[in-house]
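Here are my notes on the model, point by point. Please read them with the structure open.

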Amino acid sequence: MKVFCGRANPTTGSVEWLEEDEHYDYHQEIARSSYADMLHDKDRNMKYYQGIRAAVSRVKDRGQKALVLDIGTGTGLLSMMAVTAGADFCYAIEVFKPMADAAVKIVEKNGFSDKIKVINKHSTEVTVGPDGDMPCRANILITELFDTELIGEGALPSYEHAHRHLVQANCEAVPHRATVYAQLVESRRMWSWNKLFPIRVQTSRGERVIIPPLELERCPGAPSVCDIQLNQVSPADFTILSDVLPMFSVDFSKQVSSSAACHSRQFEPLVSGRAQVVLSWWDIEMDPEGKIKCTMAPSWAHSDPEELQWRDHWMQCVYFLPQEEPVVQGLALCLVAYHDDYCVWYSLQKTSPEKNGRVHPVRPVCDCQAHLLWNRPRFGEINDRNRTDQYIQALRTVLKPDSVCLCVSDGSLLSMLAYHLGVEQVFTIENSAVSHRLMKKIFKANHLEDKINIIEKRPELLTPADLEGKKVSLLLGEPFFTTSLLPWHNLYFWYVRTAVDQHLGPGAVVMPQAASLHVVVVEFRDLWRIRSPCGDCEGFDVHIMDDMIKRALDFRESKEAEPHPLWEYPCRSLSEPQQILTFDFRQPVPLQPIHAEGTIELRRCGRSHGAVLWMEYHLTADSTVSTGLLKSAEDEGDCCWNPHCKQAVYFFNTTLDPRAPPGSSQTVTYTVEFHPHTGDITMDFTLSDALDSNGPNPHL
């Protein structure tokens, strides 16, 4: 049986559905899963184990058999902990069949098959009774159904169903309780991920200001949470306006409701400022007394920052208030948390919602189009003043008063910059309905609806009539396309340039004029854990899971580099950055592949976890925009990454074991090839222990 899977096609700039082998999705799910990260989360594992031991002991002390229901068992780790702690029997529920099959093997490998039954169903489909999946209800409920937002993976409906149908009243629950915390802050940086700031342009006719439409100003934003590694946001980038506020708790040992609810907390602002963002996280208490606690608190709110556990499967949340609000130090306000069965959102009010009658407002949804087209990093990129200035300076060098400009990027403001800088006529291609509607609103708000012509069609369908019979003298792009996942997917600009070649006039300028692919070998501080084998986890053999992940990573599609926002994941460069491919946009896409191979020398000691790749766009001969490294690494090799872009990480399978000796390889050989017919870039990196006649490399 075949399955259809979506893939970004750099030659068309769209997501296309391709027929793949039936195992394709399974391999992708496993290869990109957080299972390895969870197994390496020692704090999580240890706290769960302590909580499970305590729960089993409480049941045994009452003279009862300990019957465990483990929802979302994954590898079966928590069920094996329960049996080891003395549980009489465990029912381990896992809906994902490949994972359930692995759990059966892991349970058998560890000798627990007689006390653990793996059930490959969604928990809401599990039956209880003589002919059911479980003969009777359980008296211990163990779950790990949480995401960064706590409830985003459907924890509330699952708990609600379990208490009604699968567990006894007043059962023991591990975790016993969860509490969600919030802190109000002012942050221009984070606010720039949600709103469009005015852009000032100095022109020969004076200053021009690009303003956002009123509709965008009033829009509450995207409904989804922004989850990040909050510890990587500099304290200089936000001002704390409130104490940490416990917003609401959920007791998992009692009947849980998935109905919408709101919870308010009165507070007095610590300083005056503009309330813009709510930072949020949660903790779980594994026992009724709250002595065994696992917290997601960031460093400044952590009870013991030295014991801070890195994890990527649970991070912290950033929520944007519908509008920024002025707050005055000492003047009491109410922060209100709302939730339905899957989402949380916040508002700031002068009084509690019970008093003003707004208990259950509708979940905020974008109605301005911008949050549908631009994700949070894209908002930040558009609002980056330094980046905008770089494009303005480059434009000044290529523009002429009689220029006819064609702009090609999704929802880009470059066309407006070009117009304000004196271009005679500007066209912009917006081939999606969303980008067309958004740009139309922005142009109208800036009184440019009659100055910039929007063409809503695919570039290859462009006709002379669309350009009013004129030839293009300046083809302009950032480039940025919403379908791009990996850095080189924006090479779609090159294909557009090729498609519109017939519309370019003699001596037409293309900006950017070229692009290049760069690479550096790095040692990650923590990110290596998501691809590292675990082997033994809290005394249980999970090699089967390691092998499963390895097989998934060996599958064709999973060998590719994967996107990560590396500003959130500190790393050290072990090599100098190296340019490995170039793409000349002044010429059409070539018919033959572009191939490169070579060697990267490691200059610093460290464990070479992988290669990071990114694109650089050469706007002109003297101006380059990097989507990766922003400056040369310091002596220690610490990397500074573009915070608006995801870089591509190619993990080395052979050095992911953290116990491997540092500097075990001297060089990395690579083969990289750009395939013009598909727009793909294939690559292979190999670690080498090559020794020259003088012995080991002194840098290692």
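1. Asn110. This is a predicted model. Start with Asn110, which sits in the loop between α5 (97-109) and β5 (116-119). Its side chain reaches the backbone nitrogen of Asp541 at 2.9 Å. Leaving aside neighbours within four places in sequence, the contacts of Asn110 are Met80, Phe540 and Asp541. Asp541 therefore appears twice, as a contact within 4.5 Å and as the residue whose backbone nitrogen the Asn110 side chain reaches.

2. Nonpolar cores. The largest nonpolar core has 114 residues, and Leu69, Phe146 and Tyr346 touch the most other members. Strand β15 (residues 273-285) supplies the largest share of this core, seven residues. A second, separate core has 52 residues, among them Val472, Leu486, Val519 and Ile594.

3. Leu69. Which residues does Leu69 touch, not counting those up to four places away in sequence? They are Tyr91, Ile93, Met134, Ala138, Ile140, Leu141, Ile142, Leu166 and Val167.

4. The parallel sheet. Five strands form an open sheet in the order β5-β4-β3-β6-β7, and the pairing is parallel. β5 and β7 (167-174) are the edge strands, and each pairs on one side only. Neighbouring strands are turned against each other by 25 degrees on average, direction ignored. Helix α3 (residues 42-61) packs on this sheet and touches β6 (138-143) and β7. The direction of α3 makes about 145 degrees with that of β7.

5. The β4 and β5 pair. Strand β4 (residues 89-93) runs parallel to β5, and four bridges join them. Take Ala92: its bridge partner in β5 is Val118. As background, strands of a sheet pair through backbone hydrogen bonds, either parallel or antiparallel.

6. Helix α6. Is α6 (residues 155-165) largely enclosed or largely open? Eight of its 11 residues are buried, so the helix is largely enclosed by the rest of the structure. The buried residues are Ala155, Leu156, Ser158, Tyr159, Glu160, His161, Ala162 and His163. Note that Glu160 is on that list. These buried residues pack against β3 (67-71), β6, β7, β13 (245-251) and β18 (333-339). Two of those partners, β6 and β7, are also touched by α3.

7. Cysteines. How many disulfides does a search of the whole structure find? The count is zero. Cys294 is in no disulfide, and the nearest cysteine sulfur, that of Cys537, is 13 Å away. Cys294 is buried, with a relative accessible area of 0%. Why is Cys534 not bonded to Cys537? The two sulfurs are 4.4 Å apart, which is too far for a bond, because a disulfide needs the sulfur atoms within 2.5 Å. Cys537 holds the closest cysteine sulfur to that of Cys534. Cys534 counts as buried, at 13% relative accessibility.

8. Arg189. This residue lies in helix α7 (residues 188-191). Arg189 is partly exposed, with a relative accessible area of 22%; that value misses the buried class, because buried means under 20%. Not counting residues up to four places away in sequence, Arg189 touches Val233, Ser234, Asp237, Trp567 and Pro643. With Asp237 there is a polar contact, side chain to side chain, at 3.1 Å. For scale, Arg189 and Thr75 are 114 residues apart in sequence and 39 Å apart in space, C-alpha to C-alpha.

9. The antiparallel sheet. Three strands form an open sheet in the order β31-β35-β36, with antiparallel pairing. β31 (594-601) and β36 (680-688) stand at the edges with a single partner strand each, so one side of each is left without a neighbour in the sheet. The twist averages 15 degrees from one strand to the next. β31 pairs with strand β35 (residues 667-675) over eight bridges. One position to check is Ile600, whose bridge partner in β35 is Val668.

10. Strand β17 and Cys317. Strand β17 (residues 316-327) pairs in the antiparallel sense with strand β11 (residues 226-228) over three bridges. β17 also pairs in the antiparallel sense with β15, over seven bridges. Which residues stand opposite Cys317? Asp227 does, and so does Ser280.

How values were computed
Residues numbered from 1 in each chain as written. Predicted model: local features only at pLDDT ≥ 70, side-chain atom pairs only at ≥ 80, totals over all residues. Heavy atoms only, no water. Helix = DSSP H or I, 4+ residues; strand = E, 2+ residues; numbered from the N terminus. Polar contact = N/O pair within 3.5 Å; in protein donor to acceptor, adjacent residues only side chain to side chain. Core = buried A, V, L, I, M, F, W, Y, C linked by side-chain atoms within 4.5 Å. Buried < 20%, exposed > 50% of the residue type's maximum accessible area, 1.4 Å probe, protein only. Pairing = 2+ DSSP bridges. Axes fitted to C-alpha atoms, helices over the stretch in contact; angles between N-to-C directions.
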